[in-house]
Amino acid sequence: MLPVDRYGKGRKYLLILGDGMADEPLQDLGGLTPLEYAETPNMDAIAREGRMGALRTVPHGYEPGSDIANLSVLGYDPVRHYTGRGPLEAASMGIPLAPDDIAYRCNLVTIRDGVMEDFSAGHISSEEGGALLEALRDSLPEIDLYPGVSYRNLLIAHRAEGAKTVPPHDIVGRDAASSLPKGPDAELLRRCIEVSKEVFTEHPVNLKRMERGLRPATSIWPWSGGKTPSFLPFYMKFGLKGGIISAVDLLFGIARLAEMEVIRVPGATGFLDTDYRAKIRYALDALKRLDFVYVHVEAPDEAGHLGSIEEKVRAIERLDDAIGIALDEFDGTIALLPDHPTPIRLRTHTADPVPFAILGKGKDRTERYSEKEAKKGSLGLMRGPDLLPLLFSRKTLDEDSDWLRF
């Protein structure tokens, strides 16, 4: 970590992260990636007038989850700080964990004929999900269940030791039984899954969803458990006041643990219909009192999990439109990147390096924002936790700088 006095106090910084935005070349797009195919004049302007590189946000040997990748981008090395996704979401909900508690992320899922059909139960509403969990509580008194946003909920196991689990979005279209929890807490978690199947089968919420042609939530699926991690506050780490805009508990949990401001935006849904422009406008307003704002947009990742080329291109183009507001109205430093790729072909995350661009740290020869163009960028290949030190540094970079490459 660089000394705080080397960071650019008085300067304003905006980081825009399109979750899962990076991808692979697709035959249906003529061999282009969604980023290359989409009309992105504003992203391209950041790349053309700024500098590019590739960022390895997931350490070798770690699962390429949004939790690990976003921690990395925010400067918190997952090797030192990551314990699981569950405790980050518990922090967002304001749920304190006892020393022997383990918090698991708990999806509502659709499993039919033994196959994981949908990791989100058709993007079930928060109200419907809350009603299902309320019905489940009486049957599982040994655990605590907390409803979150849509399919994203929380399960707290007491006097727990942990388990090896598989994210449900990694096994869509595959046999679910082979990916059930293993390890010390496995018996408890498997029982919770079985009980949820019984409770949910004839629940009015599911019966009404099926009448409307929607997927039912057939069970819960606990995964990525852990205990509360310890973070150095963001303002102590960087000497800057920071905030996070998102629509998912994961990012708000990181914000609370890092003592960053949680900025909630009306119309931010965590799905394809989110209000992209509102997120940027709220960020610009927050930058009047803060030094740094991290804008997280979930939509491209959701499109990747759905396997929808059309929706991913649309999400990228809608984000690009919103970025135009920042280019017109903001005169600080802007960083643009995904946290990880979510390839349409795989419908889940990969650990490949992602393209990043910075406007306000000099200019190189890159012409547009894409995975391929990033490989030509003068910033080279960098580690995720080194991005913010670069962004905040007072150092002016020239074309031949060898800044934090590896």
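User: Which residue in S12 stands opposite Ala 335, and what makes strands S11 and S12 count as a pair?

Analyst: In this predicted model, Ala 335 stands opposite Ile 358 in S12. S11 and S12 are joined by three bridges and run antiparallel; since pairing requires at least two bridges between the strands, the three found here meet the requirement.

User: How do you know that S2 also pairs with S12, and which residue of S12 is the bridge partner of Leu 55?

Analyst: Strand S2, which covers residues 51–56, is joined to S12 by five bridges, and the two run antiparallel. Set against the requirement of at least two bridges, that count qualifies S2 and S12 as paired. The bridge partner of Leu 55 in S12 is Val 354.

User: What makes S12 a mostly covered strand, and which of its residues point each way?

Analyst: Six of the six residues of S12 are buried, each therefore having under 20% relative accessible area. Val 354, Phe 356 and Ile 358 point one way from the strand, while Pro 355, Ala 357 and Leu 359 point the other way, and the residues on both sides are buried.

User: Why is Thr 348 called buried, and where does Thr 348 lie?

Analyst: Thr 348 lies in the loop between strand S11 (333–337) and strand S12 (354–359). Its relative accessibility is 12%, and because the cut-off for buried is under 20%, Thr 348 counts as buried.

User: What makes the pairing of the Thr 348 and Asp 170 side chains a polar contact, and which residues does Thr 348 touch?

Analyst: The two side chains make their polar contact at 2.2 Å, which lies within the 3.5 Å allowed for a pair of N or O atoms. Not counting residues up to four places away in sequence, Thr 348 touches His 169, Asp 170, His 305, Pro 341, Thr 342 and Pro 343.

User: How many cavities of 30 Å³ or more are counted, and what lines the largest cavity?

Analyst: The count comes to one cavity of 30 Å³ or more, and the largest cavity holds about 140 Å³ of space, a value that satisfies the 30 Å³ limit. Its lining is made up of 18 residues, of which Arg 85, Arg 105, Tyr 151, Arg 152 and Glu 298 lie nearest the centre. Two or more lining residues come from each of helix H5 (85–93), strand S3 (102–112), helix H10 (249–257) and helix H12 (299–306), with H12 giving the most, three residues. By residue class, the lining divides into five nonpolar, five polar and eight charged residues.

Methods. Residues numbered from 1 in each chain as written. Predicted model: local features only at pLDDT ≥ 70, side-chain atom pairs only at ≥ 80, totals over all residues. Heavy atoms only, no water. 1 Å grid on protein atoms, 1.4 Å probe; cavity = no way out; pocket = protein on both sides within 12 Å on 5 of 7 lines; lining within 4 Å. Points joined across faces, edges and corners; volume = space filled by probe spheres on them. Helix = DSSP H or I, 4+ residues; strand = E, 2+ residues; numbered from the N terminus. Nonpolar A, V, L, I, M, F, W, Y, C, P; charged D, E, K, R; others polar. Buried < 20%, exposed > 50% of the residue type's maximum accessible area, 1.4 Å probe, protein only. Polar contact = N/O pair within 3.5 Å; in protein donor to acceptor, adjacent residues only side chain to side chain. Contact = heavy atoms within 4.5 Å.
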